[in-house]
Amino acid sequence: GCGAGRAMIYEARTCKTCGKEKPGCTDYFYADRYAPGGLDTHCIECRKKRRREIGDFQRKQMGMEPRP
């Protein structure tokens, strides 16, 4: 959870992708100095999922197999 040494703690936040409310800290949201409140508006879990989807799409476009 939040508060374990390196985690920066903010108010609870709601992810704009999944809509789940999560603790507002860097354990759940990437730090983003340009975002309101200093944290990304999408949770880490959703960001990772989206990056994987984009990577798989790009691999498909290049004729490569998506990652397992």
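**Exercise 1. Locate Y28 in this predicted model, and decide whether Y28 counts as buried, partly exposed or exposed.**

Solution. Begin with the position along the chain: Y28 sits in the loop that runs between strand β2 (21-25) and strand β3. Next, take the relative accessibility of Y28, which is 30%. A residue is called buried under 20% and exposed over 50%, with partly exposed in between; because Y28 stands at 30%, Y28 counts as partly exposed. Finally, relate Y28 to another part of the chain: the C-alpha atoms of Y28 and C15 are separated by 9.5 Å, and these two residues are 13 apart along the chain.

**Exercise 2. Work out which residue lies over the face of F29, and state how many aromatic pairs the structure holds.**

Solution. Start from the ring of F29: R13 lies over the face of this ring, at 5.8 Å from the ring centre. A charge sits over a ring only if, among other conditions, CZ of Arg is within 6 Å of the ring centre, and the 5.8 Å given for R13 and F29 can be read against that limit. Then turn to ring-to-ring pairs, of which the structure holds 0.

**Exercise 3. Describe helix α1: what is its span, which of its residues are buried, and against which strands do they pack?**

Solution. First, the extent: α1 covers residues 44-61, which makes 18 residues, and the distance from its first C-alpha to its last is 26 Å, close to the 26 Å expected at 1.5 Å a residue. Second, the buried positions in α1, which are I44, C46, G55 and D56. Third, the partners: the buried residues of α1 pack against β3 (29-31) and β4. Lastly, beyond the helix, α1 is followed by G63, whose phi is positive, near 80°.

**Exercise 4. Summarise the chain as a whole, asking what pattern its elements follow and how many of them are helices and strands.**

Solution. Count the elements to obtain 1 helix and 4 strands, and then read them along the sequence, where they follow the pattern β-β-β-β-α. For burial, 24% of the 68 residues in the chain are buried, while the accessible surface comes to about 5,200 Å², of which 51% belongs to carbon and sulfur atoms. For confidence, the chain averages a pLDDT of 85, and 85% of the residues score at least 70. Among the elements, strand β1 (residues 9-14) has the lowest mean pLDDT, 81, whereas strand β4 (residues 39-43) has the highest, 93.

Key: Residues are numbered from 1 along each chain as its sequence is written. This is a predicted model: local features need pLDDT of at least 70, side-chain atom pairs count only at pLDDT 80 or more; totals for chains, interfaces and linings use all residues. Side-chain values use heavy atoms; hydrogens and water are left out. Helices (H or I, at least four residues) and strands (E, at least two) are DSSP runs, numbered from the N terminus. Buried means under 20% relative accessible area, exposed over 50%, partly exposed in between (1.4 Å probe, protein chains only). Accessible areas come from the Shrake-Rupley method with a 1.4 Å probe; for residues, only the protein chains shown count as cover. pLDDT is the predictor's confidence in each residue, from 0 to 100. The expected span of a helix is 1.5 Å times one less than its number of residues. Contact means heavy atoms within 4.5 Å. Rings of Phe, Tyr and Trp (its six-membered ring) pair if their centres lie within 6.5 Å; planes under 30 degrees apart count as stacked, over 60 as edge-to-face and the rest as tilted. A charge sits over a ring if NZ of Lys or CZ of Arg is within 6 Å of the ring centre and within 35 degrees of the ring normal.
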